[in-house]
Amino acid sequence: MTRIYFDNAATTALDPEVLEAMMPYLTEKFGNPSSVYSYGREAKMGIEAARKNVAKLLGCKPGEIFFTSGGTESSNAAIVAAVRDLGCKRIITSPLEHHATLHATEAIAKERGLTLEHVRVLPDGHLDLEHLETLLAGSPEKALVTLMHANNEIGNLLNVEKVGDLCEQYGAVFHCDMVQTIGHYPIDFSKLKMHFASGAGHKFHGPKGVGIKYVSENVQVKPFLHGGSQERNMRAGTENLYGIVGFSKALELAMARYESDAQQIRSLRDYMCEQLQKEIPQISCNGDGGDQRLYTVLNVSFPKTDKSEMLLFALDMAGVCVSGGSACSSGASSVSHVIKALHNGQSESMVPVRFSFCRHNTKAEVDAVIEKLKGLL
Ligand SMILES: Cc1ncc(COP(=O)(O)O)c(C=O)c1O
């Protein structure tokens, strides 16, 4: 059975060109980047060339890029650093964040007795930035604001310029989870008022287990992992050499193809939305219906019936890989925290499904999925 993969917000296939760039570092250039002889030096050069390339592509300095194991580590490290090293006494986040942020902020707030506040969510899934301002203005204590650039389930985009301005105005530290936007949009850190940002290679056809933490040169933080002097003493441990090289190559390809990929993927997503509305009119869309959302994601709710209840499981059996937005065990849909927050907890009667696309997907695949859905429902 040929499978259809519509879950590119979860992860993407490694690009063959990325693999090609990684291969020498998996084979003959295997040295430890900390070794001083030639093997070590060529490995180190691979990492530093990658750092320079990534920094150029993201509009920042090489010294502001730290390679990590992915989005989760980057967000955890940034949140800890803001509290431990920058004196943030309270944390402002949102109920729509990825668990990497939600659980990290809950843990550190509990451990250190910090105030944890959540920005109100509007019915279209955007955050109420007036409420953010009210929260910021509500206390003179220094705040960490950690909000995601794009929501991984519904795709809504945050106005990061506005949030950066508000953080500047109220002296807050701003961390942004950009896992769904780095590699999908041109990002220029020199124009964004962020102190920290997180990115992950596997979301844009790079390898898994490698990410970046952007740390603005305007802040001084202490090491996150203690040990060797890797990553300029900030993150000890032998580097994921081939992963770092792959991250850089994947970002380079993604940015070179951005215009045409974005256009193609956007029109595919819109086609799927039109076809769904035509063929299964009972569906409703979750999140922003306009342009303030990722071009890669379409999140729709099917009314809950005997047939739709096990929809993800049935689609999997039919060779269609999609997600409900949250980890789903035994094929039964469990509504995610994002969908619950969006509908004020009134989401029992719906079965949300996230379709997320990449440039490898086709109209023929969309047609095939629509046919399968019609059959199943
Ligand atoms: C928005 C967002 N943040 C964080 C993460 C975690 O990234 P990683 O899997 O690289 O740790 C993901 C990926 O699932 C994500 O979509």
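This briefing walks through the sheets, a helix, two buried residues, the cysteines and the ligand site of the structure above. Please keep in mind that the model is predicted. One part to look at early is an open sheet of seven strands with mixed pairing. Another is the ligand, whose surrounding residues include Thr72, His98 and His202.

**The seven-stranded sheet**

- Reading across this open sheet, the strand order is β2-β8-β7-β6-β5-β3-β4.
- The edges are taken by β2 (65-68) and β4 (115-118); each has a single partner strand, so one side of each is left without a neighbour in the sheet.
- On average, neighbouring strands here are turned by 20 degrees against each other, with direction ignored.
- Within the sheet, β7 (residues 196-200) pairs with β8 (residues 211-215) in the antiparallel sense, over five bridges.
- If you would like one residue pair to look up in that pairing, Phe196 has Val215 in β8 as its bridge partner.
- Helix α5 (residues 129-137) lies across three strands, namely β3 (90-93), β4 and β5 (143-148). The helix runs at about 175 degrees to β3.

**Strand β10 and its partners**

- Strand β10 (residues 297-303) is largely enclosed by the rest of the structure, because six of its seven residues are buried.
- Strand β9 (residues 284-285) runs antiparallel to β10, and two bridges join them. Here Cys285 stands opposite Val300 in β10.
- Strand β12 (residues 350-356) is also antiparallel to β10, this time joined by seven bridges. In this pairing, Asn299 stands opposite Arg354 in β12.

**Two buried residues**

- Thr101 belongs to helix α4 (residues 99-112). Its relative accessible area is 0%, so Thr101 counts as buried.
- Leaving aside residues up to four places away in sequence, Thr101 touches Ser75, Ile79, Thr93, Thr146 and Asp177.
- Leu147 sits in strand β5, and Leu147 is likewise buried, with a relative accessible area of 0%.
- With the same sequence neighbours left out, the contacts of Leu147 include Thr93, Glu97, Val119, Leu132, Phe174 and Asp177.
- Along the chain Leu147 and Ala137 are 10 residues apart, and 17 Å separates their C-alpha atoms.

**Cysteines**

- The count of disulfides comes to zero.
- Cys358 is in no disulfide: the nearest cysteine sulfur belongs to Cys321 and is 12 Å away. A disulfide would need the two sulfur atoms within 2.5 Å.
- Cys358 is buried, at a relative accessible area of 7%, whereas Cys321 has 23% relative accessibility and so counts as partly exposed.

**Ligand site**

- Around the ligand you will find Gly70, Gly71, Thr72, His98, Met148, Asn152, Asp177, Val179, Gln180, Ala200, His202 and Lys203.
- Thr72 places a polar side-chain atom 2.6 Å from an oxygen atom of the ligand.
- For His98, a polar side-chain atom lies 3.3 Å from an oxygen atom of the ligand.
- His202 has an N or O atom in its side chain that is 3.3 Å from an oxygen atom of the ligand.
- Asp177 is worth a second look, as it is one of the residues around the ligand and is also touched by Thr101 and by Leu147.

Definitions and conventions. Residues are numbered from 1 along each chain as its sequence is written. This is a predicted model: local features need pLDDT of at least 70, side-chain atom pairs count only at pLDDT 80 or more; totals for chains, interfaces and linings use all residues. Side-chain values use heavy atoms; hydrogens and water are left out. Two strands pair if DSSP finds at least two bridges between them. Helices (H or I, at least four residues) and strands (E, at least two) are DSSP runs, numbered from the N terminus. Axes are lines fitted to C-alpha atoms, for helices over the stretch in contact, and angles run from 0 to 180 degrees between N-to-C directions. Contact means heavy atoms within 4.5 Å. Buried means under 20% relative accessible area, exposed over 50%, partly exposed in between (1.4 Å probe, protein chains only). A residue is near a molecule or strand if one of its heavy atoms lies within 4 Å of it. A polar contact is a pair of N or O atoms within 3.5 Å; within protein, one must be able to donate a hydrogen and the other to accept it, and residues adjacent in sequence count only if both atoms are side-chain atoms.
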